[in-house]
Amino acid sequence: MRLNAELQLDEYSLVTTKLMKRHATTSDETVDDDELRKRTAQLALVLDLANQAFVRHKPAGLTVDRLAGRLHKLRRQVAPAVWQKLIPLAQQHPVAQYLIQDPFTRWSAEKPRGYSGDASLLDIYYKHPVAEEIVASSTSLGRQIYAFTSEAASSVAGRERRDILTRTVDETVRRVEKAEVLAIACGHLREAEGSEALAKQQLQRWVGLDQDPVSVATVNHDFVGTAVKALHGSVRGILRRAYALGTFDLVYASGLYDYLPRAIGVRLLQRAMELVKPGGEFLFANFSDEITTDGYMETFMDWPLILRSADDMWTIINAAIGKGSFEAQVYYGSNRNIVYGKVRKGDL
């Protein structure tokens, strides 16, 4: 689908498949023809097995589970340059006609908002009420597949991330009276819906920044009359100090780092710490390199991410904060599909 004319994508955050592929470090790699033929045959077998299972009306969840596992294994076996050659072959295989019936897979592949990982896609795997019509309008097979994809470990981790954000905001309010919070790339700010502090009007302000005007409008509509206020803004704008935001007790970026090259991630953390008050915190999250749905996401969902380990998160933190007065920690979510970094600024 065509990109909304109002949306000017910030290329500092690689939120389209085209930009992500440009970022991939495969340009200097040569692809061995024999290796490519071997891996193409291996991929064909994986896809044919899934296609046959659908034709024979085998349980959809089990079929997709096995497919995702085999794609994950293949992705880990091949060089990045070879994998990039295999992605379009998978997308063109007849099995895609079954998988695209899943509302989660279909939304990601079609990108109605023009880019990967938009806030409505998150609503689908959050199982948010606003996504119920999208799910209900899918085919019976699509809903069966969705029953699996929405409960895959990566989806479960995404819902846990939302809840971690809610708890972090509420903990900040218990620590600081009338706390001020900033969410970078806020999407629909679903974490605010479960916030006890927001419901009790204990926040001074909760600012959401996003480059998608639809997300900004949604947040301002849903939270009118509260401490929440969404603003239009981008990573580039933050790095250029283009917004008079003030300072905050908590700044967080929950899904943004999945698309940020390391150098930009370092710069954003540095800038974020300028926005953090003494004693305040910056929290950022990244899908980890331990997820097993990566092959399925990059092929049939057309949703590439920059996956990171705990060591990768520490590399970003150490490069950003140097020897300043900061405390930092890195930890995984409960199923290790998302890794978190938290940096606390020292008190003056």
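**Figure 1. Helix α12 lies across strands β2 and β3 in this predicted model.** Here is a view of one helix resting on two strands of the sheet. Helix α12 covers residues 213-222, and the strands beneath the label are β2 (205-210) and β3. The helix runs at about 165° to β3. Strand β3 itself spans residues 228-232 and stands at an edge of the sheet.

**Figure 2. Seven strands form an open sheet with mixed pairing.** To find your way across the sheet, follow the order β3-β2-β1-β4-β5-β7-β6. The edges are taken by β3 (228-232) and β6 (326-332). Each of these two has a single partner strand, so one side of each is left without a neighbour in the sheet. Neighbouring strands are turned by 15° against each other on average, with direction ignored.

**Figure 3. Strand β5 runs parallel to β4 and antiparallel to β7.** This close-up is centred on β5, residues 276-287, a strand that is mostly covered. Ten of its twelve residues are buried. Towards β4 (residues 248-253), five bridges make the parallel pairing, and here Ala253 stands opposite Phe284 of β5. Towards β7 (residues 338-345), seven bridges make the antiparallel pairing. Two partnerships help to set the register with β7: Phe282 is bridged to Val343, and Asn286 is bridged to Val339.

**Figure 4. A right-handed β-α-β unit is made by β4, helix α14 and β5.** Start at β4, residues 248-253, and follow the chain into helix α14, which takes up residues 262-275. Then comes β5, residues 276-287. The two strands of the unit are the parallel pair joined by five bridges.

**Figure 5. Strands β6 and β7 form a hairpin with five residues between them.** The two strands run antiparallel and are joined by seven bridges. One bridge to look for pairs Val330 with Gly341 in β7. In this hairpin, Arg336 takes a positive phi near 65°. On the sheet as a whole, β6 stands at an edge, while β7 sits between β5 and β6 in the strand order.

**Figure 6. Leu165 of helix α10 is buried and touches Tyr252, among other residues.** Helix α10 spans residues 153-175, and Leu165 lies in it. Its relative accessibility is 4%, which is under the 20% limit, so Leu165 counts as buried. Which residues does Leu165 touch, not counting those up to four places away in sequence? They are Glu191, Tyr252, Ser254 and Leu283. Leu165 and Tyr252 are 87 residues apart along the chain, and their C-alpha atoms are separated by 8.3 Å. Tyr252 falls within the residue range of β4, 248-253, and Leu283 within that of β5, 276-287.

**Figure 7. Helix α9 packs with α3 and with α6.** Helix α9 covers residues 140-149, and two helices meet it in this view.

- With α3 (residues 60-77), the angle is about 55° and the axes are 8 Å apart. That angle makes α3 oblique to α9. The crossing is right-handed. Ala60, Gly61, Val64 and Asp65 of α3 make the contact with Leu141, Gln144, Ile145, Phe148 and Thr149 of α9.
- With α6 (residues 103-110), the axes come within 7 Å and cross at roughly 85°. That puts α6 roughly perpendicular to α9. Pro103, Phe104 and Thr105 of α6 meet Gly142, Tyr146 and Thr149 of α9.

Thr149 is worth finding in both contacts: it appears in the list with α3 and in the list with α6.

**Figure 8. Lys111 and Lys127 each take a positive phi without being glycine.** Both lysines sit in loops next to α7. Lys111 is in the loop between α6 and α7 (119-126), and its phi is about 50°. Lys127 is in the loop between α7 and α8 (132-136), and its phi is near 60°. Is each lysine buried or partly exposed? Lys111 counts as buried because its relative accessibility is 11%. Lys127, with a relative accessible area of 40%, is partly exposed.

Key. Residues are numbered from 1 along each chain as its sequence is written. This is a predicted model: local features need pLDDT of at least 70, side-chain atom pairs count only at pLDDT 80 or more; totals for chains, interfaces and linings use all residues. Side-chain values use heavy atoms; hydrogens and water are left out. Buried means under 20% relative accessible area, exposed over 50%, partly exposed in between (1.4 Å probe, protein chains only). Helices (H or I, at least four residues) and strands (E, at least two) are DSSP runs, numbered from the N terminus. Two strands pair if DSSP finds at least two bridges between them. A crossover is right-handed if, with the strands pointing away from the viewer, the path from the first strand over the helix to the second runs clockwise. Axes are lines fitted to C-alpha atoms, for helices over the stretch in contact, and angles run from 0 to 180 degrees between N-to-C directions. Angles under 35 degrees count as roughly parallel, over 145 as roughly antiparallel, 65 to 115 as roughly perpendicular and the rest as oblique. A crossing is left-handed if the near helix is turned anticlockwise from the far one by less than a right angle, and right-handed if clockwise. Contact means heavy atoms within 4.5 Å.
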